[in-house]
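User: Could you take me through this model and show how its labels follow from the values?

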Amino acid sequence: MTADPYAELRDGVRRLCARFPDHYWRRVDGDGAYPTEFVQAMTEAGYLAALIPEEYGGAGLGVAEASVILEEVNRSGGNAAACHAQMYIMGTLLRHGSEAQKRAYLPAIARGEVRLQAFGVTEPDAGSDTAAIRTTAVRRGDRYVIRGQKIWTSRAQHSDLMLLLARTTPLDQVRRRTDGLSIFLVDLREAVGQGLTIRPIETMINHHTCELFFDDLEVPADNLIGEEGKGFTYLLDGLNAERILIAAECIGDGYWFIERATQYARQRVVFGRPIGQNQGVQFPLARAYAHVRAADLMRFEAARRFDAGLPCGPEANMAKLLAADASWEAANAALQTFGGFGFAREYDIERKFRETRLYQVAPVSTNLILAYIAHKVLGLPKSY
Ligand SMILES: Cc1cc2nc3c(=O)[nH]c(=O)nc-3n(C[C@H](O)[C@H](O)[C@H](O)COP(=O)(O)OP(=O)(O)OC[C@H]3O[C@@H](n4cnc5c(N)ncnc54)[C@H](O)[C@@H]3O)c2cc1C
């Protein structure tokens, strides 16, 4: 068996995560608190700057390494969703920002002085149909004026900067629906109270996600990323990395569920024998484990292609699909294995169960991935 090329990286993340054990995550979940200390520790260790090139002060690692970092967080019982976006959101700035923008922000993000944790894309009336967004940005002199509403903008209250997708050319004036959208860098520290209102949404998980209301918020024209009207293409460019990283979190969750459940199944004695001796308990865990391992392979295949600069849309999407399904299967098997105790907060199964369920819906729903595979890979007619 070849040694794990990521063993050292895994070990470092595990040691950091050991400082944030189960009771830490249980407490922040129960209090609805942001895991500030954990995110701070991840930032200081440089893990959140994994994908920032060395010339801008980051670690200059690939998506494979970045995915291992997030996997290990979830595998330790934590929740990387509190900070994962910083890793991939900055990719849009890196790929499409001007040199001046990159110099102004990336080193500060890498040093942990500035947080870029929020990306406002989804809107209440558009949902998965991103081209239907209604938030507008209208150029006035050296500024853009933004009006509209976003929903599910996660971590907006725990970020200094946000990337925002807005329509700069009205829908009836563009050739394709996906034209005329642009991406802006919004400084939340200046925007709140000056045309931007943030309202947190209570959810079944501790996710710090919000509704954002833009009422003539002015943003300097210099904060436009890349070319006006090309925002949708820039958004697509970032999706493969996002899919691979989220897949890794699901894989981390999957391993965590199986480890906890097998440990419990060996110890819990009912009818005079460990429950794990019953095939009815073993088989769901064995099946879920096989599915997590398969998703894990697809994650590394997608990451390998991404890091080699090869097309990887199908692999990234399949990795996300398989990993989200596998982690949900593992979650169900673990909850069943724990029986009634699975519902008790002190075992953490119910918390992780809620958390991993999200990945069937966000950042992209399972159906939309299936539609992508059916259309782009299998060549079937587009269904929407
Ligand atoms: C906790 C949380 C955090 C989030 N964080 C962010 C964030 O930081 N930034 C951001 O921009 N967004 C964020 N989102 C939004 C997320 O990306 C969307 O919820 C997701 O893309 C689905 O959109 P929707 O909820 O509007 O569902 P809808 O688009 O309304 O879809 C509802 C259901 O219908 C199905 N459906 C819709 N159209 C079709 C079709 N053509 N074929 C088959 N099925 C279809 C979907 O699969 C889904 O199951 C977050 C969401 C949540 C819940």
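Analyst: Happily! This is a predicted model. A good place to begin is a helix pair: the axes of H9 (residues 279–307) and H10 (residues 313–338) come within 8 Å and cross at roughly 160°.

User: Why are H9 and H10 called roughly antiparallel?

Analyst: Angles over 145 degrees count as roughly antiparallel. H9 and H10 cross at roughly 160°, and therefore they are roughly antiparallel to each other. The crossing of H9 and H10 is left-handed. By class, their contact has 18 nonpolar, 3 polar and 6 charged residues.

User: Thanks! Now the ligand: which residues come nearest to the ligand?

Analyst: Among the 23 residues around the ligand, the nearest are Val 121, Gly 127, Ser 128, Trp 152 and Asn 367. At least two shell residues come from each of strand S1 (116–120), strand S3 (143–154) and helix H12 (366–377). The shell divides into 11 nonpolar, 12 polar and no charged residues.

User: How do you know which domains the shell around the ligand draws on?

Analyst: The domain assignment gives domain 1 (7–111), domain 2 (116–229) and domain 3 (233–377). Domain 2 and domain 3 each provide at least three residues of the shell.

User: And what makes domain 2 and domain 3 count as being in contact?

Analyst: Here the cut-off is C-beta atoms within 7 Å. With that, 8 residues of domain 2 are in contact with 7 residues of domain 3. The side of domain 2 that touches domain 3 has 6 nonpolar, 2 polar and no charged residues. As for the C-alpha centres of domain 2 and domain 3, they lie 31 Å apart.

Conventions. Residues numbered from 1 in each chain as written. Predicted model: local features only at pLDDT ≥ 70, side-chain atom pairs only at ≥ 80, totals over all residues. Axes fitted to C-alpha atoms, helices over the stretch in contact; angles between N-to-C directions. Helix = DSSP H or I, 4+ residues; strand = E, 2+ residues; numbered from the N terminus. Parallel < 35°, antiparallel > 145°, perpendicular 65-115°, else oblique. Left-handed = near helix turned anticlockwise from the far one by under 90°. Nonpolar A, V, L, I, M, F, W, Y, C, P; charged D, E, K, R; others polar. Near = placed C-beta within 6 Å. Domains from an automatic or database assignment. Contact = placed C-beta atoms within 7 Å.
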